[in-house]
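Here is a short report on charged side-chain pairs and one further residue. Please look over the sequence and the structure first.

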Amino acid sequence: FSGMMFDPKRKEEAERLEGEGDLDGAWEILSEEWVNHTDMDYFDDEMATQIRGWIDELFERNPNMIDQRVAMKLMVMRVNHYWGSHNEGLDAAEEAMRIAREADRPDLELEALEMHGSIQSQRHGGIQNMPQYDDFVSLRGELIGKLDNANKS
């Protein structure tokens with residue numbers, strides 16, 4: 001049954017940590033639980049959805065958690081692609097890049113783009129075979145240029 005592998009004390013611990021200002025600790029617990037419940041050997045969609053809701057609430061209360069918000073989108077992207085929901089996976093990648101772009105975090109945007117490229121490379125038998133490869137290369141170059149310029153400053 002759904003939730004049989006979830007220990008409610010983990011949620012309580014995440015809430016306690018958030019209350020104490022340890023957002024990373026709260027994120028660590030909730031994201032670990034989400035990963036555990038979306039594992040290919042033990043997939044509990046109902047519990048994963050519940051945990052995802054808690055993570056979304058954490059982000060709503062703490063909108064400055066940009067790294068974690070991007071990481072969550074990338075985790076969703078991987079799970080979606082694994083289970084064959086490629087359109088949803090693409091949407092998650094685009095959302096991760098949007099979050100990073102709006103936060104002016106070209107490092108995170110590049111990370112999301114490269115993870116997207118890696119998955120597309122596997123799906124299409126090489127990155128050069130992925131749809132919109134030229135756009136991918138162009139955006140990647142632009143982001144690397146931004147990071148290089150930032151590092152020179």
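## Two pairs to start with

This is a predicted model. One residue to find early is R61, which counts as partly exposed because its relative accessibility is 49%. Its partner is E18: the two form a salt bridge, and their closest N and O atoms are 2.7 Å apart. The pair links distant parts of the chain. E18 sits in helix α1 (residues 8–19). R61 sits in helix α3 (residues 45–61). The two are 43 residues apart.

E18 itself has 17% relative accessibility. The cut-off for buried is under 20%, so E18 counts as buried. In this salt bridge, then, E18 is buried and R61 is partly exposed.

## A pair within one helix

E95 and R98 also meet through their side chains in a salt bridge, with 2.4 Å from N to O. Both belong to helix α5 (residues 86–102). They are 3 residues apart there, so about one helical turn separates them.

How accessible is E95? Its relative accessible area is 26%, so E95 is partly exposed. R98 is at 27% relative accessibility and also counts as partly exposed.

## A third pair, and a network

The side chains of E109 and R101 form another salt bridge. Here the N to O distance is 3.0 Å. Is E109 buried or exposed? E109 counts as buried, at 3% relative accessibility. R101 counts as partly exposed, at 46%.

Salt bridges can also share partners. In this way R10, E32 and E33 are joined into one network.

## The overall count

How many salt bridges does a search of the whole structure find? The search finds 13. Among them are E18 with R61, E95 with R98, and E109 with R101. As a general point, side chains of opposite charge can pair when their charged atoms come close.

## A buried glutamine

Now to Q120. Where is Q120 placed? Q120 lies in helix α6 (residues 106–124). Its relative accessibility is 3%, so Q120 counts as buried.

Which residues does Q120 touch, leaving aside its neighbours within four places in sequence? Q120 is in contact with H81, L90, M130 and P131. To follow this on the model, start from Q120 in helix α6, then look for those four contacts, H81, L90, M130 and P131.

Key:
Residues are numbered from 1 along each chain as its sequence is written. This is a predicted model: local features need pLDDT of at least 70, side-chain atom pairs count only at pLDDT 80 or more; totals for chains, interfaces and linings use all residues. Side-chain values use heavy atoms; hydrogens and water are left out. A salt bridge is a side-chain nitrogen of Lys or Arg within 4 Å of a carboxyl oxygen of Asp or Glu. Helices (H or I, at least four residues) and strands (E, at least two) are DSSP runs, numbered from the N terminus. Buried means under 20% relative accessible area, exposed over 50%, partly exposed in between (1.4 Å probe, protein chains only). Contact means heavy atoms within 4.5 Å.
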